[in-house]
Amino acid sequence: MERTSAGFPREAVADRLLTASVRTSYDPLVDLDWSAPPVPGAYWLPPRRSSLYGTPLWDDMTEEQRVELTKHEVASAASAGLWFETILMQMLIRHYYDADPTSRHAQYALTEVADECRHSIMFGRLIEAIGTPVYRAAPVDHLLGRWLKATATGPQMYAAILIAEEILDSFQREIMADESLQPLIRMVSRIHVVEEARHVRFARDELGRQVEAAGPVALGYARLVIGRAAYSITRRLVNPRAYAAVGIAPAVGLAAAHANPHWQATLRWSAQRIAEHLTELGLIAGPGRLLWRRSGLIEG
């Protein structure tokens with residue numbers, strides 16, 4: 001029986017996650033009230049987590065515009081989540097294709113795919129319910145996503161999964177605990193946090209094994225792919241077109257967000273756990289580290 005770098009049998013980890021999946025899973029079509037109207041005046045994410053918070057643009061907005069901007073920022077993040085979960089599911093299915101279907105590890109990979117199918121439905125329903133556009137990936141990121149889903153294996157596959165999951169998880173843990181926010185986004189966040197905790201455990205466990213098995217050339221390549229994934233995921237969080245919803249030219253809003261120290265601090269906060277973990281594994285180093293710095297997820 002294979003063991004992880006932490007000494008736990010691979011099959012035992014998967015078996016515990018399968019048991020947890022039976023005990024706590026949600027159906028967004030049943031467990032969420034999609035017909036409930038939004039609460040007037042309530043934000044969709046904590047104002048301090050808005051990309052424009054603390055800027056002159058934010059100061060010039062009315063309270064209604066600020067609420068509206070957070071709604072579109074949530075829709076943008078949900079669109080990014082949909083984009084990456086589609087990539088993630090295809091990577092896991094490729095992993096399963098070569099696996100032993102009788103193993104608990106392979107069976108949990110399929111269970112995670114089922115979770116992600118429901119999450120994608122949930123994010124799609126969220127965007128529909130709040131009445132915003134779907135903020136799709138730019139053509140370059142769309143093509144890079146198609147390449148990643150078709151080729152990523154080993155450390156870069158599981159590190160990319162963790163980057164997307166743990167960054168969104170940071171926002172959603174805060175959202176679900178904030179009673180001043182819209183009830184719908186709080187419940188969506190709660191469902192996602194509960195189920196993604198299992199996915200993070202699975203990916204962290206497997207990433208340690210993949211790093212131990214990889215040689216220096218494979219790790220060097222992985223660092224570059226992981227850095228580019230971090231850059232793409234971060235740039236996708238707030239689509240510049242979201243600013244147009246409150247009368248701000250996309251290019252003006254984007255420039256203000258990139259220069260905003262509050263938003264820079266939020267990005268570093270969201271990635272702190274995963275950046276520390278990947279650094280410990282030696283996966284944020286060399287040229288790939290420059291991409292992490294450009295993404296705003298780390299300093300120096």
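I started with how helix 4 and helix 6 cross, and the crossing is right-handed (the near helix is turned clockwise from the far one by less than a right angle; anticlockwise would be left-handed). Helices here are DSSP runs of H or I with at least four residues, numbered from the N terminus. Before going on, I noted that this is a predicted model, where local features need pLDDT of at least 70 and side-chain atom pairs count only at pLDDT 80 or more, while totals for chains, interfaces and linings use all residues. I also noted that residues are numbered from 1 along each chain as its sequence is written, and that side-chain values use heavy atoms, with hydrogens and water left out.

**Helix 4 with helix 6**

I looked up the axes: those of helix 4 and helix 6 (residues 139–151) come within 8 Å and cross at roughly 20°. Axes are lines fitted to C-alpha atoms, for helices over the stretch in contact, with angles from 0 to 180 degrees between N-to-C directions. That angle makes helix 4 roughly parallel to helix 6 (under 35 degrees is roughly parallel, over 145 roughly antiparallel).

Who makes the contact (heavy atoms within 4.5 Å)? From helix 4 I listed Trp83, Phe84, Ile87, Gln90, Met91 and Arg94, and from helix 6 Asp141, His142, Gly145, Leu148, Lys149, Ala150 and Thr151.

I then clicked on Lys149, which sits in helix 6. Leaving out residues up to four places away in sequence, Lys149 touches Ile87, Gln90, Met91 and Arg94. The C-alpha atoms of Lys149 and Leu57 are 38 Å apart, with their positions 92 residues apart along the chain.

**Helix 4 with helix 5**

Next I tried helix 4 (residues 63–97) against helix 5 (residues 104–130), which pack at about 155° with axes 9 Å apart. So helix 4 is roughly antiparallel to helix 5. Helix 4 passes helix 5 in a left-handed crossing.

**The loop after helix 5**

I found Gly131 in the loop between helix 5 and helix 6. Is Gly131 buried or exposed? Gly131 is exposed, with a relative accessible area of 61% (exposed is over 50%, buried under 20%, partly exposed in between, using a 1.4 Å probe and protein chains only). I also checked Gly131 against Leu144, 13 residues apart along the chain, and their C-alpha atoms are separated by 28 Å.

**Helix 7**

Last, I looked at helix 7 (residues 154–176), where 23 residues reach 33 Å from first C-alpha to last, close to the 33 Å expected at 1.5 Å a residue (1.5 Å times one less than the number of residues). I saw that 21 of the 23 residues of helix 7 are buried, so helix 7 is largely enclosed by the rest of the structure.

Key:
Helices (H or I, at least four residues) and strands (E, at least two) are DSSP runs, numbered from the N terminus. Angles under 35 degrees count as roughly parallel, over 145 as roughly antiparallel, 65 to 115 as roughly perpendicular and the rest as oblique. Contact means heavy atoms within 4.5 Å.
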